Amino acid sequence: MLRAQLYFLSNQYYEDFPDDKLMKNKDTIEGIPHSRPCFFAFPDTRIPEIYWIVPISSKYKKYRRIEQEKIRKYGRCNTIRFGTVLGRDTAFLIQNMCPATEKYLIPYIDKNNQPIRIDGRVADDVERNARNVLAIAKRGAKVIFPDVFEIFQGLERQLQQG
């Protein structure tokens, strides 16, 4: 897998790991289903065949407001980060991240058949904050919406079974 590459999740993932807190896979725009959301992926430190995927939202202003509310309430916000994707301001929703393996990831490819990637500085920021949020979640805080540890265990079982 390329560093800082973007992906979509396959429908099979949602069938294998039903969780109503996962961001939904399909948006219908003018009657046409589109793969959504797009995800930034980085490998788990313990099991690198499992990737942590962070959904990206184009609702930049909405998530800037939410970020400001969290900063007012908690003094900081590391569950939402911001960057540019394809020239657009976007929000990286660490609070909605989940684990996946390569079998569920569909590369986001441009019209020239090139993978869509994000700037390395944005990737570093999102990954660093996501790892911090994961550490907080492992201590029992409910900072990630889906049940990521149950999904992670299911992916571990799949990898062990081959």
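Let's start with a pocket: the second largest one has a volume of about 310 Å³. A pocket here is an open set of points on a 1 Å grid over the protein atoms alone, with protein on both sides within 12 Å along at least five of seven lines. Grid points are joined across faces, edges and corners, and the volume is the space filled by probe spheres set on the points.

This is a predicted model: local features need pLDDT of at least 70, side-chain atom pairs count only at pLDDT 80 or more, and totals for chains, interfaces and linings use all residues. Residues are numbered from 1 along each chain as its sequence is written, and side-chain values use heavy atoms, leaving out hydrogens and water.

Back to the pocket. Its lining has 13 residues, meaning residues with an atom within 4 Å of a point. Lys70, Tyr74, Asn78, Thr79 and Val143 lie nearest the centre. Two elements give two or more residues to this lining: α2 (60–74) and α3. The largest share, three residues, comes from α2. Helices are DSSP runs of H or I, at least four residues; strands are runs of E, at least two; both are numbered from the N terminus. By class, the lining has six nonpolar, three polar and four charged residues. Ala, Val, Leu, Ile, Met, Phe, Trp, Tyr, Cys and Pro count as nonpolar, Asp, Glu, Lys and Arg as charged, and the others, Gly among them, as polar.

Now to helix α3, residues 120–138, and asparagine 129 within it. Is asparagine 129 buried or exposed? Buried, with a relative accessible area of 9%. Buried means under 20% relative accessible area, with a 1.4 Å probe and protein chains only. A polar atom of the asparagine 129 side chain lies 2.9 Å from the backbone oxygen of aspartate 125. Leaving aside residues up to four places away in sequence, asparagine 129 touches Asn78, Arg81 and Ile94. Contact means heavy atoms within 4.5 Å. Asn78 also appeared among the residues nearest the pocket centre.

Next, the strands. Take β5, residues 50–57: eight of its eight residues are buried. In a regular strand the side chains alternate between the two faces of the sheet. On one side of β5 sit Ile50, Trp52, Val54 and Ile56; on the other, Tyr51, Ile53, Pro55 and Ser57.

Which strands does β5 pair with? Pairing takes at least two DSSP bridges between two strands. β4, residues 38–43, runs antiparallel to β5 over six bridges. The two form a hairpin with six residues between them. Cysteine 38 stands opposite isoleucine 56. β8, residues 98–101, is joined to β5 by four bridges, also antiparallel. There, threonine 101 is the bridge partner of isoleucine 50. In β8, Cys98 and Ala100 point one way, Pro99 and Thr101 the other, and all are buried. β7, residues 88–93, pairs with β5 in the antiparallel sense over two bridges. Serine 57 has alanine 91 as its partner in β7.

Last, β6, residues 80–85. Five of its six residues are buried, so β6 is largely enclosed by the rest of the structure. Six bridges join β6 to β7, again antiparallel. Threonine 84 partners aspartate 89. Their hairpin has two residues between the strands, and leucine 86 takes a positive phi near 50 degrees.

Notes: Buried < 20%, exposed > 50% of the residue type's maximum accessible area, 1.4 Å probe, protein only. Polar contact = N/O pair within 3.5 Å; in protein donor to acceptor, adjacent residues only side chain to side chain. 1 Å grid on protein atoms, 1.4 Å probe; cavity = no way out; pocket = protein on both sides within 12 Å on 5 of 7 lines; lining within 4 Å.
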